[in-house]
Amino acid sequence: MRIGILGNGGMAEALGRHWVQAGHEVLVGGRDLSRAAETAERIGATSGSLQEATSYGEVVLLAVPAEVVVEAVTRLSIAPGTVLIDCTNAIEHSDFTLAQPAVAEAISEAVPHAQVVKAFNLAADTVWRAAPHVFEGGPLGVPLCGDEPAAVERVAGLVRDIGCEPVPSGGLVRAALLEATAAFAIGIWVTGGDVRGLFTPLGAA
Ligand SMILES: NC(=O)c1ccc[n+]([C@@H]2O[C@H](COP(=O)([O-])OP(=O)(O)OC[C@H]3O[C@@H](n4cnc5c(N)ncnc54)[C@H](OP(=O)(O)O)[C@@H]3O)[C@@H](O)[C@H]2O)c1
């Protein structure tokens, strides 16, 4: 699959490396061509501008800050049907709330001809870089929210490519819950808490 990545930072490098290793053709797009080229070289991808990455990818990972992502996709020419993976978190770091709610829905409203899937926002780039992980005998689950089943399935394949388990989690209307969950969990982690025991299986005694 041809994958474009907007951004050349931590998430671009962590996820892009896995996808290159899985046999995908990845183009890292940056606003600074030399930084994009450096990241691409480290992971065995090609590089170019933000528009080149957008035009290249059947799937495009939006790995830029949440506060600029809507403006960025609005400025770019995006082919109808392109799958946009939104991994952003608009976290207000003073109190670990959301600086901006429902980013994925805002992206979809800005480019309604694209198919937005929220994914990969719940764990840090270091976690993705070190994937796959096994917890209590099972792989790390990756919730996916999107309205188009075919788009969600494409992203599910990219989740499996990094050794994780896709967890279809409803339509894009539920993506805001994933964004809030990330803010909630990070707020607990940074104060020394541990979120791993917070969710028990249904029916657990
Ligand atoms: N890092 C994590 O652990 C993590 C986990 C889950 C989700 N996320 C989300 O993933 C996204 C990317 O995070 P990251 O850690 O990869 O960030 P990062 O390392 O800071 O990289 C951000 C990238 O966005 C680019 N960028 C910044 N402003 C831009 C603009 N106005 N137009 C175009 N490109 C711009 C930067 O370009 P320059 O190089 O030119 O500055 C850089 O390539 C964020 O939304 C973040 O919330 C991150």
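An oxygen atom of the ligand is placed 3.5 Å from a polar backbone atom of Ala-66, a polar contact being a pair of N or O atoms within 3.5 Å. The model is a predicted one, in which local features need pLDDT of at least 70 and side-chain atom pairs count only at pLDDT 80 or more, while totals for chains, interfaces and linings use all residues. Residues are numbered from 1 along each chain as its sequence is written, and side-chain values use heavy atoms, with hydrogens and water left out.

Two further backbone contacts involve ligand oxygen atoms. A backbone N or O atom of Asn-8 lies 2.7 Å from one ligand oxygen, and a polar backbone atom of Met-11 is 2.8 Å from an oxygen atom of the ligand. Taken alone, the ligand exposes 900 Å², of which the protein buries 75%; these areas come from the Shrake-Rupley method with a 1.4 Å probe.

Around the ligand there are 21 residues, of which Asn-8, Met-11, Arg-35, Val-64 and Asp-125 come nearest; a residue counts as near if one of its heavy atoms lies within 4 Å of the molecule. This shell divides into 11 nonpolar, seven polar and three charged residues. Here Ala, Val, Leu, Ile, Met, Phe, Trp, Tyr, Cys and Pro count as nonpolar, Asp, Glu, Lys and Arg as charged, and the others, Gly among them, as polar.

The ligand occupies the space of the second largest pocket. A pocket is an open set of points, on a 1 Å grid over the protein atoms alone, where a 1.4 Å probe fits, with protein on both sides within 12 Å along at least five of seven lines; a molecule sits in it if more than half of its atoms lie within 2 Å of its grid points. Helix 1 (10–21) and helix 4 (66–75) are the elements that give two or more residues to the shell around the ligand. Helices (H or I, at least four residues) and strands (E, at least two) are DSSP runs numbered from the N terminus.

A search of the whole structure finds two aromatic pairs, that is, rings of Phe, Tyr and Trp (its six-membered ring) with centres within 6.5 Å. The ring centres of Trp-19 and Phe-120 are 5.8 Å apart and the planes stand at 65°, so this pair is edge-to-face, a class for planes over 60 degrees apart, whereas those under 30 are stacked and the rest tilted. Trp-19 belongs to helix 1 and Phe-120 to the loop between strand 8 (115–118) and helix 6 (125–129), 101 residues apart.

Finally, the backbone. Most peptide bonds are trans, and most residues other than glycine have a negative phi. A cis peptide bond, with omega of about 5°, joins Ala-131 and Pro-132.

How values were computed: Polar contact = N/O pair within 3.5 Å; in protein donor to acceptor, adjacent residues only side chain to side chain. 1 Å grid on protein atoms, 1.4 Å probe; cavity = no way out; pocket = protein on both sides within 12 Å on 5 of 7 lines; lining within 4 Å.
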